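Please open the model in your viewer with the sequence panel beside it, and keep the selection tool ready. The stops below follow one another as selections, each with a short account of what is there.

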Amino acid sequence: MVSPLLLGAVCGVSVVAVAVVIIIVYILYRKRHRATSCIASHSGYEAVGECKPPSLLSLTSGSQEISITKENRPVQPRSASMSTTSRGSLRSEQFTDDTSSLSAKSDASVDSLVFEANFGAIRPDLYPRRDVVLQQSSLDGGHGRLHTRLNYDFRTSDLVVHMIEAQDLPLSELLGGFSDPYIRIALVPSVDERIRQSSVKRKTSNPYYNERFKFPVAFDEVKDKLLVFHIYDYDKFSRHNVIGEVQIDLGKVEISNSVEMWCDIQKHQKASGILGELLVSLSYLPTAERLTVVIMKAKELTVSNNPPSADPYVRLTLLVEGKKIKRKKTSVIRGSTNPVWNEALTFNVPADVLPKVGLECCVMDHDLIGHGEIIGRCMLGPERPGKEGNHWNEMLHNQRKSNAMWHNLRK
């Protein structure tokens with residue numbers, strides 16, 4: 001008969017053997033399960049969702065997709081985590097890699113982290129040079145300043161003039177103090193027949209233009225050119241008044257780079273011997289055999305007084321074959337060198353005599369004692385040269401129609 005002690009020992013050994021087998025089976029099962037799981041259980045993080053090999057993890061968030069590819073390089077393990085939220089689900093993974101390659105693609109055109117070959121090179125276009133600012137002064141002040149910018153376009157071989165603004169222009173005496181300035185720009189000698197002119201700015205002494213003009217000229221020829229600005233006061237009904245001018249010698253300005261300039265506006269220099277201008281309108285009515293002369297206005301009358309002041313009036317003399325036939329005169333305008341009359345004076349002239357008629361226009365400075373001093377005069381007639389003859393002949397060929405024209409006054 002077996003001893004109870006021996007039987008107990010055998011039962012104990014059997015229980016231990018069964019326990020050992022169970023443990024071994026459990027260990028083998030855990031090892032196999034670990035090989036197919038997303039992340040090792042000892043990391044302390046719980047994986048949610050589909051399982052992928054540890055060598056390639058993919059995280060999706062909204063419209064972005066980020067891929068993380070591991071390299072077979074020995075690194076020092078570290079604990080790191082990346083988490084994104086997509087449609088209310090949270091994914092958290094651990095990766096212990098120091099070297100990764102990241103690429104991002106999205107609907108929002110996320111820039112790639114792959115750098116260009118010239119990354120880090122200096123780009124001069126990102127560091128534009130500041131404009132050189134020049135000041136061109138004049139002893140003849142009081143006519144305002146002109147602000148412009150010059151540069152040469154080597155791509156199109158053009159001189160580019162940026163007309164920016166004018167400041168402190170003098171007030172007009174002809175239009176009740178208001179000015180409607182515009183600017184004409186020209187190269188001397190000229191390079192083409194185009195007229196470059198800014199827009200008209202109404203009722204201002206500080207017009208802002210911000211307009212650009214181009215002149216086709218070779219760079220080597222620019223230094224031989226003179227850039228001229230003429231500032232005008234626009235007059236809808238008669239000749240425009242010259243406010244002043246600016247001349248820039250391009251041989252003294254380096255235009256290979258942009259140059260900004262402030263220039264004093266000088267008074268426009270009249271031709272030698274010209275003492276002012278007179279605006280006259282002529283018309284002839286053949287049925288009444290009446291010649292009508294309208295003395296409209298004069299401007300920039302030259303007088304010897306200082307400061308310049310005059311009491312001008314106009315004296316008209318009708319001549320037939322050089323003989324004085326009749327004389328009439330306008331009213332006196334007190335204290336002005338830019339007088340406005342708008343007065344019509346009529347003469348009875350037969351149609352057959354009209355081609356032989358001439359007209360003398362004298363602008364006088366009224367004097368209480370004597371007949372006054374002659375400021376300047378002009379002669380109109382069919383045989384006169386230049387504008388004086390052209391005006392008279394135009395009146396003969398366009399009867400019943402008024403023809404107005406400016407005429408220079410001389411001694």
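Helices, taken as DSSP runs of at least four residues in state H or I, are numbered from the N terminus. The model is a predicted one, and its local features are described where pLDDT is at least 70.

**Stop 1: a surface patch**

Begin by selecting helix H1, residues 4-36, in which Val16 lies. Then add Val16, Val20, Ile24 and Leu28 to the selection, and a nonpolar patch on the surface will be highlighted, with about 360 Å² of accessible area for the four together. Val16 has a relative accessible area of 51%, and it is therefore classed as exposed, since the cut-off for that class is over 50%. An α-helix has 3.6 residues a turn, so residues three or four places apart point the same way.

**Stop 2: helix H3 and what it packs against**

Move next to helix H3, residues 386-397, and display its C-alpha trace. The 12 residues of H3 should span 16 Å at 1.5 Å a residue, and the C-alpha atoms at its ends are 17 Å apart, which agrees with that expectation. Which residues of H3 are buried? Select Glu388, Gly389, His391, Trp392 and Met395, which are the buried residues of this helix. They cover an arc of only 160° around the axis, so they lie on the same side of H3. To see what they pack against, show strands E15 (277-285), E16 (290-299), E20 (357-365), E21 (373-380) and E22 (403-408).

Just beyond this helix in the tour is Arg400, found in the loop between H3 and E22. Its phi is near 75°, a positive value in a residue other than glycine, and Arg400 is exposed, with a relative accessible area of 58%.

**Stop 3: Glu321 and its partner**

Now select Glu321, which is placed in the loop between strand E17 (312-320) and strand E18 (323-329). Glu321 also has a positive phi, of about 55°, although it is not a glycine. Is Glu321 buried or exposed? With a relative accessible area of 60%, Glu321 is exposed.

Adding Lys356 to the selection shows a salt bridge between the side chains of Lys356 and Glu321, at 3.9 Å from N to O. This pair links distant parts of the chain, 35 residues apart, with Lys356 in the loop between strand E19 (340-348) and E20, and Glu321 in the loop between E17 and E18. Lys356 is partly exposed, at a relative accessible area of 46%.

**Stop 4: two further salt bridges**

Side chains of opposite charge can pair when their charged atoms come close. The count for this model comes to 9 salt bridges, when a side-chain nitrogen of Lys or Arg must be within 4 Å of a carboxyl oxygen of Asp or Glu.

Select Glu360 and Arg377, which form one of them, with their closest N and O atoms 2.8 Å apart. Glu360 is in strand E20 and Arg377 in strand E21, so that the pair links distant parts of the chain, 17 residues apart. Glu360 counts as buried at 9% relative accessibility, whereas Arg377 counts as partly exposed at 30%.

Then select Arg202 and Asp180, whose side chains meet in a salt bridge at 3.7 Å, N to O. Arg202 is in the loop between E10 and strand E11 (208-216), while Asp180 is in the loop between strand E8 (158-167) and E9, 22 residues apart from it. Arg202 is exposed, with a relative accessible area of 54%, whereas Asp180 counts as buried at 11%.

**Stop 5: a cis peptide bond**

Select Val188 and Pro189 and inspect the backbone between them, where the peptide bond is cis, with omega near -5°. Pro189 lies in the loop between strand E9 (181-188) and strand E10 (196-197).

**Stop 6: His147 and its contacts**

Finish at His147, which is found in strand E7, residues 145-153. His147 is buried, with a relative accessible area of 7%. Leaving aside neighbours within four places in sequence, the residues in contact with His147 are His162, Met163, Ile164, Glu165, Glu260, Met261 and Trp262. The C-alpha atoms of His147 and Gln167 are separated by 8.0 Å, although these residues are 20 residues apart along the chain.

How values were computed:
Residues are numbered from 1 along each chain as its sequence is written. This is a predicted model: local features need pLDDT of at least 70, side-chain atom pairs count only at pLDDT 80 or more; totals for chains, interfaces and linings use all residues. Side-chain values use heavy atoms; hydrogens and water are left out. Patches are made of residues with over 30% relative accessible area and no salt bridge: like charges are joined within 9 Å, nonpolar side chains (Val, Leu, Ile, Met, Phe, Trp, Tyr) within 5 Å. Accessible areas come from the Shrake-Rupley method with a 1.4 Å probe; for residues, only the protein chains shown count as cover. Helices (H or I, at least four residues) and strands (E, at least two) are DSSP runs, numbered from the N terminus. Buried means under 20% relative accessible area, exposed over 50%, partly exposed in between (1.4 Å probe, protein chains only). The expected span of a helix is 1.5 Å times one less than its number of residues. The arc is that of the directions from the helix axis to the C-beta atoms. Contact means heavy atoms within 4.5 Å.
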